[in-house]
Amino acid sequence: MDYKNIPKVELHIHLDGSVRPKTIAELANISLEEAISLSVAPAKCHDLNDYLTRFALPISIMNSKENLERIAYELAQDLKNDNVIYAEIRFAPMQHVSADLSDDDIITSILKGLHKVNIKTNLILCMLRNHIDVVNYQVIDLAKKYLGKGVCAIDLAGDEAIYPTKKFAKLFEYAKIQHVPFTIHAGEADGVDSINAAINFGAYRIGHGINCILDEKTMNLIKDKNISLEICPTSNIQTNSVTNINKHPIYEFYKKGIKISINTDNRTVSNVTLTSEYELLSKTFGFTVQDFYQINSSALKASFASSETKALLLGRLENR
Ligand SMILES: [Zn+2]
């Protein structure tokens, strides 16, 4: 089976976790071996926080317009090569702001890089759990400014076990007032309380959400509300959210009729492509080409793309 040829939709991929190791080596002026050892996580990390330490080096080189444009351009090429026809790429803009680099510079440079490749993309701007509120409000305002012009939504990322989701209610209230759509990382390193907080905020997409498997009521709520879970299989094993791939709840969600998308999370930190994730899921659970088509159609419908883009791309999924 050639999984590469399947047209794919990817809704959960971090730009800083997907910088090519060769580019990290070149821009940080270190050897390729060193770049790999510092930015690729092992098959098993201690926890999510341990996994997140692999982002420090790539973030440090995302510090100029040229570097950001190049990194975005190369990711768009990698997505195209993986036969991804639509991607929502996320990153935390405030991590890259400096005296020489404004938030506008950051967004426009990344969009410039992405638009050099013929692939449909949108950006999701991440607020960070460890950032103070005032900085996270700026992310919502920035998303509002570029909404429909390359940016489609906001997200909340970072270690949810240390910074519980329920503490961020006011930010999502503000996002709703500003009509900025959102997805929220929840139920990855924390339990069902985190997922229920995200649902109460009005999220109709949840990053990971896998821990809903621990509570039938929450799972039913996700199904009834048509909430889509952004599933990242290998990343979940690495962060120890799931013991091993055989224990991953993705097939149970799918069988139950819960909406899901399949994602890499981080192409470099997790050392995967969507093609390799499809292969893994097919080998482990017996997902078929028809299953992947169903999942990609549902992912596209749950995406933050415009209705025109959705209609256009749905046709391309059908003409596979
Ligand atoms: Zn993520």
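**View 1. Aromatic pairs, with Tyr-3 and Phe-292 as the example.** This predicted model has twelve aromatic pairs in total. One of them joins Tyr-3 and Phe-292, whose rings meet edge-to-face, with 6.1 Å from centre to centre and 90° between the planes. Tyr-3 comes from the segment before β1 (8-14), while Phe-292 belongs to helix α14 (residues 289-302), so this pair ties together parts that are 289 residues apart in sequence.

**View 2. Are these two residues, Tyr-3 and Phe-292, buried or exposed?** Tyr-3 has 13% relative accessibility, so it counts as buried. For Phe-292 the value is 1%, so Phe-292 counts as buried too. Remember that the cut-off for buried is under 20%.

**View 3. The aromatic cluster that includes Tyr-3 and Phe-292.** Look for Tyr-251, Tyr-254, Tyr-278, Phe-285 and Phe-287 as well: together with Tyr-3 and Phe-292, they make up one aromatic cluster. Tyr-278 also has a lysine for company, as Lys-8 lies over the face of its ring, 5.6 Å from the ring centre.

**View 4. Another lysine over a ring: Lys-116 and Tyr-73.** Here Lys-116 lies over the face of Tyr-73, and the distance to the ring centre is 4.8 Å.

**View 5. Helix α1 and what it packs against.** Helix α1 covers residues 21-28, and its buried residues are Thr-23, Ile-24 and Ala-25. Which helices do the buried residues of α1 pack against? They pack against α2 (32-39), α4 (56-61) and α5 (65-81). Just after α1 comes Asn-29, which has a positive phi, near 60°.

Note on methods:
Residues numbered from 1 in each chain as written. Predicted model: local features only at pLDDT ≥ 70, side-chain atom pairs only at ≥ 80, totals over all residues. Heavy atoms only, no water. Phe/Tyr/Trp six-rings, centres within 6.5 Å; stacked < 30°, edge-to-face > 60°. Helix = DSSP H or I, 4+ residues; strand = E, 2+ residues; numbered from the N terminus. Buried < 20%, exposed > 50% of the residue type's maximum accessible area, 1.4 Å probe, protein only. Lys NZ or Arg CZ within 6 Å of the ring centre and 35° of its normal. Contact = heavy atoms within 4.5 Å.
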